[in-house]
There are 2 protein chains.
Amino acid sequence: MISVVNLSLVFNSFLRINSIEYKSTKVGFENFPTTPLNFRQNLTSSLTRSVRINSSRMSAIKTCGEIHSDGSSYDSNGSVRCHEKGRRFGNIVWHKCSVEKIDRQELLQQKGCVIWITGLSGSGKSTLACALTRALHSRGKLTYILDGDNVRHGLNSDLTFKPEDRAENIRRIREVAKLFSDAGVICIASVISPYRKDRDACRSILPDGDFIEVFMDMPLHVCEARDPKGLYKLARAGKIEGFTGVDDPYEPPLNAEITIQMEGEVCSPPEVMAEKVISYLDAKEYLQA
Amino acid sequence: MISVVNLSLVFNSFLRINSIEYKSTKVGFENFPTTPLNFRQNLTSSLTRSVRINSSRMSAIKTCGEIHSDGSSYDSNGSVRCHEKGRRFGNIVWHKCSVEKIDRQELLQQKGCVIWITGLSGSGKSTLACALTRALHSRGKLTYILDGDNVRHGLNSDLTFKPEDRAENIRRIREVAKLFSDAGVICIASVISPYRKDRDACRSILPDGDFIEVFMDMPLHVCEARDPKGLYKLARAGKIEGFTGVDDPYEPPLNAEITIQMEGEVCSPPEVMAEKVISYLDAKEYLQA
């Protein structure tokens, strides 16, 4: 197993030193190059976690997978990486880096993924997202919530609620969710996302298994009775157009990984719903590296 | 110090139980509510890090800061949080969650921030970003690179190189960088970002100190001689319009936190440049919670 990191692509001719090729045959800190500055001497006491390059990494690099439409490809560990030869797409070159998803996962002791919570307004998406982030945090797992509403305050503040803008809203959220997942974070997206094609598009851009669809399968009349934001009332009064469940359809998932339903007339407490998702993550080994 | 978490906003009327208000007076796991499912019993051996809510948290909540244009505000610890009363902006309500930036920072033992590397094409932005991510990872720190080119394969694949699209490209990158920083991640943005106003806009949406501008101050002739992507050649041949440094200006930062320059005719190795940034992060206590 040999790690070769060439750091000198750009600086070679200016450094007036030979092309720097770092070779190491050991797993662990030894895999980081010995540099003019010895970082290992600078390690502080804040470094309490083992940081190493996964032993399967080098073989993974050799088995670079299918190339996706965005120019990236996934190896068998789900790391987004460029194609071996650093392919060019127009004038945009993909920059590869030696710290990959698998390394970040090792650091975090978890696997990056996207938990996509879909359902009607008032179905409890945000409530589940919050309960889930609390429960995972208490286990030492790093999560981040992308809330459809919150993202509209920043990244998607330029978008309206016209159909094309709603589609763009979801497209951007899925792209950002992909970045978070690639960062090793358990990304929890809480978005109505009423159309199957939009959710499936998110599934398609992620490595197999990393898209976990959670369907909040609550009856419309229940959601409308809750109406926590008063939006159903506005929609029924004709003050909001194209409101999901009122005058715009919701297409339920056909094969959601997890479905949350009422038990008779009673909703489970948020913590119980969260535990259902956590059991799934546990079973699929997302809560370990 | 009292933590009050109200979980029952949505489910109250359906659970047929009283409004659930969790009160705790201790710091640590005790700050998580005792729920019908006792998560503390479910803690697995994978939990190796201390997870607690920072002791200054409750006072921070009371000193909610300035409200930003996106509806969020920052407390004294830099956590993005909604205004106390859960303000409404049009039909978009900000959802707050009990796990905040400060908690994720505690988990990661670092502070989320944005290291914004700006400079001409070929100035070594991506090279520094890679060296920096390697060095920080070797210290057990979680980083993520947002590379201007890479993001154009996904989130910004709909954008051209027209001036308005270049501005939108940078706007989205800064919004995503803000999300990563809020997640507790040390986000490294590597973007030409030639205009001062675009970079300053990123600074303005982040809590004080969390925007760290790194200026790759390399002479144009050096960058053009390198031309690692062959873009200067294309620009000089008139095949690319509005190319920064050729027929579009680069506005150097006036007050960059860090400036990287050549020493005489020689560039420092990437690891030395990275160490300069790391020393800054260390001094500003970004490498600890």
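**View 1. Chain A as a whole, where 61% of the 289 residues are buried.** Keep in mind that this is a predicted model. Chain A's secondary structure adds up to eleven helices and eleven strands. Take the contacts in chain A with a separation of 6 or more: 65% of them come from residues 24 or more positions apart.

**View 2. The largest nonpolar core, with residues from chains A and B.** This core has 48 residues, and the ones touching the most other members are A:W116, A:L146 and A:F180, along with B:W116, B:L146 and B:F180. Zoom in on A:L146 and skip its neighbours within four places in sequence: what's left in contact with A:L146 is A:V151, A:I173, A:V176, A:A177, A:F180, A:C187, A:I188, A:A189 and A:S190, plus B:L179 from the other chain.

**View 3. Helix α4 of chain A, residues 101-108, tucked into its surroundings.** Eight of the eight residues here are buried, so the rest of the structure largely encloses this helix. The charged-looking names don't escape that: among the buried residues of α4(A) are A:K101, A:D103, A:R104 and A:E106, and A:I102, A:Q105, A:L107 and A:L108 are buried too. Just past the end of α4(A) sits A:Q109, with a positive phi of about 55°.

**View 4. Helix α5 of chain A, residues 125-138, end to end.** With 14 residues at 1.5 Å each, α5(A) should span 20 Å, and its end C-alpha atoms are indeed 20 Å apart, so expectation and model agree. As for cover, 14 of the 14 residues of α5(A) are buried. After the helix comes A:G140, where phi is positive and near 85°.

**View 5. Helices α5 and α11 of chain B, crossing at roughly 60°.** Here α5 covers residues 125-138 and α11 covers residues 270-283, and their axes come within 8 Å. The two helices are therefore oblique to each other, and α5(B) passes α11(B) in a right-handed crossing. On the α5(B) side, the contact is made by B:T127, B:L128, B:A131, B:L132, B:R134, B:A135 and B:L136. Their partners on α11(B) are B:P270, B:E271, B:M273, B:A274, B:V277, B:I278 and B:L281.

**View 6. B:L287, in the segment after α11 of chain B.** B:L287 counts as buried because its relative accessibility is 6%, and the cut-off for buried is under 20%. Look for B:L136 in this view as well: B:L287 and B:L136 are 151 residues apart in sequence, yet 8.9 Å apart in space, C-alpha to C-alpha. B:L136 is also one of the α5(B) residues in the contact with α11(B).

Terms used
Residues numbered from 1 in each chain as written. Chains lettered and ligands numbered in written order. Predicted model: local features only at pLDDT ≥ 70, side-chain atom pairs only at ≥ 80, totals over all residues. Heavy atoms only, no water. Core = buried A, V, L, I, M, F, W, Y, C linked by side-chain atoms within 4.5 Å. Buried < 20%, exposed > 50% of the residue type's maximum accessible area, 1.4 Å probe, protein only. Contact = heavy atoms within 4.5 Å. Helix = DSSP H or I, 4+ residues; strand = E, 2+ residues; numbered from the N terminus. Expected span 1.5 Å × (residues − 1). Axes fitted to C-alpha atoms, helices over the stretch in contact; angles between N-to-C directions. Parallel < 35°, antiparallel > 145°, perpendicular 65-115°, else oblique. Left-handed = near helix turned anticlockwise from the far one by under 90°.
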